[in-house]
Amino acid sequence: MTVDLTLVALTAVLYVAGFYLLLDRSLTRLLLGVVLLGNATNLLLLSAGGPGGFAPVIGIAPLAQMSDPLVQAMILTAIVITLGLVAFVLALIHRNFELGQEEPEPGVTVEELDEVVDDEDDVRIALLAGQADTDDDDERDEPDDFDLLDHGGPAAPPAERAP
Amino acid sequence: MIRVLAPLPVLLPLLAAGLTLVLGRFPRLQRTVAVAVLGAVLGISVVLLVNANASALGAEATTVGGWPAELGISLVVDRLSAVMLVVGTTVTFGVLLYAIGQGSADAREGDPPPVSIFYPTYLVLTAGVCNAFLAADLFNLFVGFEVLLAASYVLLTLGGTGPRIRAGVTYVVMSLLSSTIFLIGIGFTYAATGTLNLAQLAERIGALPEATQTLLQVALLVAFGIKAAVFPLSAWLPDSYPTAPTPITAVFAGLLTKVGVYAIIRVQTLLFPSGALDGLLLWTALATMLVGILGAIAQTDLKRMLSFTLVSHIGYMVFGIGLATTAGFAGAIFYVAHHILIQTTLFLAAGLVEFGAGSTLISRLGGLARVAPVIAVLFFVPAMNLAGIPPLSGFIGKLGLLEAGAQVGSPLAWALVGGSVLTSLLTLYAVAKVWNRAFWHPVENDDAPESEPGPMRSQVRLMVGATAGFTVVTLGLTVFAGPLYGLADRAAQDLLARRPYVDAVLHQPAPAGPVAAPVGGAP
């Protein structure tokens, strides 16, 4: 199968740039990464169909000189899917930004509103693991450990025996 | 009959989705349409299963629009896809009832009424899942995945609160990445073979150079591995699933990862029977089991704990697939069916706990066995089933896998057998910890409401009823384990034989009714 070298090189460049952007904490860049990856994959599908040729309409050209219509159909589907999902991710990013603006936390810049946030439970468990290292003579789940970390809740009274 | 019935599980929910969207202002009508359609799809799936099981090949195919199989879009119902279809539609139907109960119960609390987008999206999700199970070519499988994923993005971020948006970003980006990798795999496959029809691929892929085959296999396995949450591609799951509303988490946890497992089973048996990566699969299975369950033990939140056990138990299915014997696949298929139902039930029970106690933080729970004995039973039975206590279906599935591992008898297989037993015990430890703390331990803080106010009862009854229904179904899996395991075994034999599937697609018997000739004089 013959493949257009320019197409392959372009695909590679798009993939590299796309994956690089995907690793960024900024959501907008992440979205751009997704767009580039989508386009790169469309080009890859195009080269999977072999060399280009005449439009695949019976009677215009001999069968052997037509381009493969199937890959183009697939690309069309992929473009539509990418378009819809990019719109959705944009909405997500906007909502994320909006939520950050509604409840501004001190010391957070506008750029940081656009960033991926760490998962709260992951942070809590990591903190717990740190605590367990410092006092490892007590391995049981002490309820006080959790309550200290819950936001603002008063520490629970010591366990009362049920009558 | 299959020509009429096979497209319906995809078609009906899609049409109903459009209808419910139009009926956005009439929640009661929306509800009726959704329940009626999903009930009908469940019925159709059962008929398809009975039909496929009774047919000579054990598989039946139809090509949409009457085109020849090489050109048209084929749908195949073999024993595996029919079983998945039945289990999958059971879950979507049951969870819909639970969601209706919860929706009306939540509305009573003074929250805004449930968004009218829920029913249409949920129906689209069902259509996507059914399409993925029925698809007979890679691109249609991709479309099925995209449909269900797009619906799942909307469901996961329903309401647009902070935690859900955060979880949604992780989930959407990971899913987009896996879809991109899947599409890359599709591009490579098409470039190498010139077709995407699974049956044709089964005939052509064997002729490719070994390196090319391995490349295609790796691309597809990575894509499906992310969707199925196989370690080390599983990190996204526990961060994203638990924040969604309970019924949605239940469907996602039960069903969506298993669509990935189904795809792995399909390509491993049909396209790559050489078993080049079986060793790798076994290692990842071991890692998935152990890392998942150790993560579960560390959790302080019930839903997150369940999400980690979900990851862990995906390892059992990959174990069966990696063995690549009839017994292994039979065990994996039975385990998939069992686990879809059990994981859904557990998440629904966790939702009841959340509803009754106002939290899923394990430290906040206590004394539930006294306050809500029904919820306690509904949590206890599936939890023990998950851990694999005899004689429940979890035990039967695990026993089948252990036997399959022992039959293979290689050191790695024995390591997996040991890992499975250890994971099973650790699962018991994880759920027992929750049980002791949330159900047996005396209540510690009084700010959690101990019982719901009176008027909520009727809605809660629907939630409890749906959960109880699932518990009964899982117990049914135990009671009818003999015939069901026999079915899984025949499905596994079909998979390894490969011919039934290929014959059903490419050598279809001539359709009974007259078919309109394609328009135009194509030579």
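Here are some short exercises on this structure, each with a worked solution.

This is a predicted model, in which local features need pLDDT of at least 70, side-chain atom pairs count only at pLDDT 80 or more, and totals for chains, interfaces and linings use all residues. Residues are numbered from 1 along each chain as its sequence is written, chains are lettered from A and ligands numbered from 1 in the order in which they are written, and side-chain values use heavy atoms, with hydrogens and water left out.

**Exercise 1. Check the length of helix H2 of chain A.**

Step 1: Helices (H or I, at least four residues) and strands (E, at least two) are DSSP runs, numbered from the N terminus. H2 of chain A covers residues 27-48, which makes 22 residues.

Step 2: The expected span is 1.5 Å times one less than the number of residues, so H2(A) should span 32 Å.

Step 3: The end C-alpha atoms of H2(A) are 31 Å apart, which agrees.

Step 4: Now look past the helix: H2(A) is followed by Gly50(A), whose phi is positive, near 85°.

**Exercise 2. Describe the interface of chain B and chain A.**

Step 1: Count the residues in contact (heavy atoms within 4.5 Å). Chain B gives 43 residues and chain A gives 47 residues.

Step 2: Take the buried area, the accessible area (1.4 Å probe) that two parts lose on being put together, summed over both. For chain B and chain A it is about 3700 Å², with 73% on carbon and sulfur atoms.

Step 3: On the chain B side, the elements that give two or more residues are helix H6 (138-156), helix H7 (162-193) and helix H18 (411-440). H7(B) brings the largest share, 17 residues.

Step 4: Look for salt bridges, meaning a side-chain nitrogen of Lys or Arg within 4 Å of a carboxyl oxygen of Asp or Glu. The rule finds 0 across this interface.

**Exercise 3. Test the overall dimensions of chain B.**

Step 1: The radius of gyration is taken over C-alpha atoms, and the globule rule is 2.2 Å times the number of residues to the power 0.38.

Step 2: For 523 residues, a compact globule would come out near 24 Å; chain B has 22 Å, which agrees.

Step 3: Add the spans of the C-alpha trace along its principal axes, about 80 × 60 × 40 Å. The chain holds 21 helices and 2 strands.

**Exercise 4. Find unusual backbone geometry in chain B.**

Step 1: Start from the background: most residues other than glycine have a negative phi, and most peptide bonds are trans.

Step 2: In the loop between helix H9 (210-228) and helix H10 (236-240) sits Pro232(B). A cis peptide bond joins Phe231(B) to Pro232(B), with omega about 5°.

Step 3: Ala229(B) lies in the loop between H9 and H10 of chain B, and its phi is positive, near 60°.

Step 4: Pro390(B) and Pro391(B) are also joined by a cis peptide bond, with omega about 5°. Pro391(B) is in the loop between helix H16 (373-387) and helix H17 (393-408).
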